[in-house]
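This report introduces a single protein chain to a reader who has not met it before. The sequence and the structure are shown first.

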Amino acid sequence: MSAIDDALANNATYAQRFDQGGLTAPPRKQLAVLTCMDARLTVSEMLGLETGDAHVIRNAGAVATEDALRSLLISHHKLGVREIMVIGHTDCGMTTFDDGAFRADLEKQTGCVPVAPAAFHAFPDVETSVRRQVKAIVQHPWVPDALRVAGFVYDVHDGRVRAVDG
Ligand SMILES: [Zn+2]
């Protein structure tokens, strides 16, 4: 059985006991989380979130990319989110390469030089990156001062979320 087949079989079981059909779109806790796609992060469990509590926006590295900003602006302006957590994590794969070398490798392997993605946003230090992402969100001209944005690092070895000082 492939991983997709397995997921669909699990969903059939999930749907049999599903009782969340009455939820509305605005997140109950007025919270959005921007975090990494890393498979070791189970965001709902590590933050005690229930279905319907929060928006969770994930990409490689918890980076405030154009698309992540798009989602966060919609979270706040359309769906009532008032607080944003940016959560990087220890042992992030984004610290293991740099953009230029990765791009050069891919170009060499494929012979193609596409225009997108313009950047992979790899970084050498997770705390520095989290600070940068928080700053990128806070300084966006459509993000009001009333929207709280805070940075954190999740430790994949002990399960703790620690604040990153601004
Ligand atoms: Zn990561």
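The sections below describe the chain as a whole, then its annotated site, a residue of strand E1, and its aromatic pairs.

## The chain as a whole

The model is predicted. Its chain contains 5 helices and 5 strands, and read from the N terminus these elements follow the order α-β-α-β-α-β-α-α-β-β. The C-alpha trace extends over about 50 × 50 × 35 Å along its principal axes.

Of the 166 residues in the chain, 33% are buried. Contacts that link distant parts of the sequence are frequent: among those between residues at least 6 apart, 67% join residues at least 24 apart.

## Surface and charge

The accessible surface of the chain amounts to about 10,500 Å². Carbon and sulfur atoms account for 54% of that surface.

The chain carries 16 positive and 21 negative charges. The mean positions of these two sets lie 5 Å apart.

## The annotated binding site

The UniProt record, an unreviewed entry, applies the annotation "binding site" to Cys36, Asp38, His89 and Cys92. These residues span 57 residues in sequence, yet no two of their C-alpha atoms are more than 8.7 Å apart, so they gather at one spot.

Two of the annotated residues may be described further. Asp38 is placed in the loop between strand E1 (31-36) and helix H2 (43-47). Its relative accessibility is 15%, and Asp38 therefore counts as buried, since the limit for that class is under 20%. Leaving out residues up to four places away in sequence, Asp38 touches Arg58 and His89.

His89 belongs to strand E3, which comprises residues 83-89. With a relative accessible area of 1%, His89 is also buried. Beyond residues up to four places away in sequence, His89 touches Cys36, Asp38, Arg40, Leu41, Val126, Val153, Tyr154 and Val156. Cys36 and Asp38, both found in this set of contacts, are themselves named in the annotation.

## A buried residue of strand E1

Which strand holds Thr35? Thr35 lies in strand E1. At 0% relative accessibility, Thr35 counts as buried.

Apart from neighbours within four places in sequence, Thr35 is in contact with Leu41, Val43, Val56, Ile57, Arg58, Asn59, Ala62 and Ile87. Leu41 is in contact with Thr35 and is also touched by His89. Arg58 likewise is in contact with Thr35 and is touched by Asp38.

## Aromatic pairs

The structure has 3 aromatic pairs, counted where ring centres lie within 6.5 Å. One of them joins Tyr14 and Phe18, whose ring centres are 5.6 Å apart and whose planes meet at 50°, a tilted arrangement. Tyr14 is partly exposed at 37% relative accessibility, and Phe18 is partly exposed at 41%.

Another pair is formed by Phe97 and Phe102. Their ring centres are 5.1 Å apart and their planes stand at 65°, so this pair is edge-to-face; the cut-off for that class is over 60 degrees. Phe97 has a relative accessible area of 29% and is partly exposed, while Phe102 is partly exposed at 31%. Phe97 and Phe102 form one aromatic cluster together with Phe120.

Definitions and conventions. Residues are numbered from 1 along each chain as its sequence is written. This is a predicted model: local features need pLDDT of at least 70, side-chain atom pairs count only at pLDDT 80 or more; totals for chains, interfaces and linings use all residues. Side-chain values use heavy atoms; hydrogens and water are left out. Rings of Phe, Tyr and Trp (its six-membered ring) pair if their centres lie within 6.5 Å; planes under 30 degrees apart count as stacked, over 60 as edge-to-face and the rest as tilted. Buried means under 20% relative accessible area, exposed over 50%, partly exposed in between (1.4 Å probe, protein chains only). Helices (H or I, at least four residues) and strands (E, at least two) are DSSP runs, numbered from the N terminus. Contact means heavy atoms within 4.5 Å. Accessible areas come from the Shrake-Rupley method with a 1.4 Å probe; for residues, only the protein chains shown count as cover. Lys and Arg count as positive and Asp and Glu as negative; His and the chain ends are not counted. The place of a charge is taken as NZ of Lys, CZ of Arg, CG of Asp or CD of Glu. UniProt positions are given in the numbering used here, feature names are shortened, and annotations may be inferred rather than shown by experiment.
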